[in-house]
Amino acid sequence: MTRPFRRTALYAALAAGAFVSVFPYLLVVLTAFKTRRQLSTTEPWLPGLPPSTANLAEILGGDFPRFLANTVVMTALLTLGQLVFTTFAAYAFARLRFRGRDALFWLYVATMMVPSAVTVIPLFLIMRELEAVNTWYGLLAPYILGTPYGIFLMRQFFKSLPGGLEEAARIDGAGPLTILFRILLPLCRPAIGTLAIITVISSWNSFLWPLIITSGDETKVVTVAISALKVGIGVDRGLMMAGGLIALAPMVAIFIFFQKYIVRSVVLTGLK
Amino acid sequence: MTGRRRLGDWYAYLFIGPSLLGVVAFLLLPVVIVFALSLFRWELLSAPVFVGLENYARLAGDGEAWHSLWVTVLYVLLCIPLQTVLALALALMLDRRIKGVRILRSLFVIPWMATPIVMGLVWDWIFDPRDGALNRALDLVGVAGPDWLSDPAWALPAVALVNIWQHTGYTMLFFLAGLQGIPKELYDAAATDGATPAQRFWKITLPLLNPTMFFVTVTNLIGAFQAFDTIFVMTDGGPGGSTDVLNFRIFGTAFREFDFGYASTLSMLLFAVILLVTLAQVRFFGRRTTYDLS
């Protein structure tokens with residue numbers, strides 16, 4: 001008697017939680033396709049019938065596609081930079097011997113403790129000194145050379161590979177580059193995939209740094225553009241949610257197709 | 001031999017070079033700069049003036065700054081315990097073979113991907129007193145909801161809820177991984193000794209999750225202390241400063257008032273608080289025994 005009851009209670013609790021998790025997404029989708037009239041006459045959680053693409057058309061007809069393209073470029077470049085520089089650094093820390101290796105690695109670990117909130121002001125001033133405010137260079141430079149956290153994760157992964165892997169190649173006279181590209185990288189695909197996904201998500205969603213370093217339209221990204229929609233006269237929820245839908249859709253797609261990499265990001269930290 | 005060794009060294013330095021440049025120029029140098037600037041008065045237009053500890057003296061008597069620190073601490077206390085307990089409870093519920101468990105896990109993680117700016121706007125609307133989903137739903141059951149984000153008593157919990165919503169599922173993944181790393185024999189042994197489910201949880205599960213607990217609380221706390229995005233779009237620090245967390249005040253002092261010296265001093269305060277809390281956690285978790293089963 002109590003077992004089926006407990007099972008039902010378990011499912012009810014889980015279903016309620018799952019609903020709360022998804023509800024805000026649902027609201028974005030429903031609202032993006034409502035006309036202003038439907039918005040004021042229907043409950044927020046009900047669809048507006050017939051669905052209207054007026055909001056999407058309006059937002060895509062303005063400067064928004066440009067900001068979207070900027071976000072795509074920023075995300076692509078930051079991810080590429082992170083992958084290349086992080087892989088090289090992590091490889092060196094994990095598999096090569098050189099003077100100062102341990103001291104340098106501890107330096108990296110120590111900088112993982114520096115909160116980004118603390119570095120924002122000096123970074124802005126550095127970029128101002130370099131006349132890089134409101135440029136692509138200023139937007140990208142601080143985060144394109146690889147993050148200590150990423151290097152830490154990748155180093156853990158490189159370390160987990162068997163030590164004898166390089167020996168045979170080394171005896172055959174292969175240099176560090178050949179070993180990295182021919183032997184180790186093919187084994188690293190899962191870790192690289194995970195790092196790529198994490199970087200794509202955090203770059204795509206980033207807000208504070210783009211807000212501070214950019215002001216013109218040339219380098220404005222989607223998050224900054226969307227945040228400005230609330231400040232205008234008379235908040236247009238439909239328009240805001242249409243913008244939100246466009247910003248969220250790629251993230252949800254990534255989530256659906258690359259879920260296993262996200263789960264692996266948890267395992268990569270080396271925790272058990 | 002030494003020639004070869006040297007060559008290997010150069011390869012390594014070449015590989016590390018770009019990231020080292022990043023670490024030095026964009027992480028270490030900024031820390032030095034922010035400390036140095038905290039000793040200056042500087043409004044960007046004129047030259048910086050060295051004022052020694054004047055900014056720190058101002059901080060000591062600045063009621064609003066301490067209020068911000070208090071709001072930040074409250075925000076963290078609203079977020080972290082609830083989020084951690086919820087995540088652990090979810091992990092326990094989902095660490096079993098029941099129908100639909102994979103789908104459920106996915107649904108719980110999906111908020112983590114959300115762009116905080118977008119979700120800030122969505123929740124801002126959910127909390128709207130007139131046409132927001134929350135009060136509409138409360139109306140249906142005959143409850144008049146408050147004006148969440150304009151009420152100083154409710155604004156901070158409402159903003160904290162968004163953070164909890166976003167991070168609980170991802171935190172759950174860590175606990176799930178932790179739970180799956182606990183050897184099942186331990187539970188079997190405990191069961192034969194007649195341990196109750198509660199005893200098994202407190203004596204086996206929780207102690208063995210210690211490393212996971214340490215990791216998620218440290219990273220989530222550091223994140224929560226730097227709350228910004230949702231507050232920026234939802235409350236702008238208001239009403240009446242009730243959501244004016246430290247990171248938001250730093251932003252305003254620097255980029256709205258252009259008081260870069262004092263903003264740097266506030267940054268040093270935030271840095272110190274985060275560092276102290278993290279060290280306290282290291283001590284707290286380090287002192288408790290973890291069982292090495294290897």
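**Exercise 1.** How far apart are the end C-alpha atoms over residues 72-93 of chain A, and what percentage of the chain there is helix?

*Solution.* This is a predicted model: local features need pLDDT of at least 70, side-chain atom pairs count only at pLDDT 80 or more, and totals for chains, interfaces and linings use all residues. Residues are numbered from 1 along each chain as its sequence is written, and chains are lettered from A and ligands numbered from 1 in the order in which they are written.
Over 72-93 of chain A, helix is 100% and strand 0%. The end C-alpha atoms are 31 Å apart. Helices are DSSP runs (H or I, at least four residues), as are strands (E, at least two), numbered from the N terminus.

**Exercise 2.** Find which elements of domain 1 of chain A touch domain 2 of chain A.

*Solution.* Start with the bounds, which come from an automatic or database domain assignment. Domain 1 of chain A is 1-52, and domain 2 is 63-268. Next, count contacts (C-beta atoms, placed from the backbone, within 7 Å). Eight residues of domain 1 of chain A contact seven of domain 2 of chain A. On the domain 1 side, α1 (2-32) and α2 (36-41) of chain A each give two or more residues. The largest share, five residues, is from α1(A).

**Exercise 3.** Is chain B compact or spread out?

*Solution.* Chain B has 13 helices and two strands. Its radius of gyration, over C-alpha atoms, is 24 Å. The globule rule (2.2 Å times the number of residues to the power 0.38) gives 19 Å for 294 residues, so chain B is more spread out than a compact globule. Its C-alpha trace spans about 80 × 75 × 30 Å along the principal axes.

Definitions and conventions: Contact = placed C-beta atoms within 7 Å.
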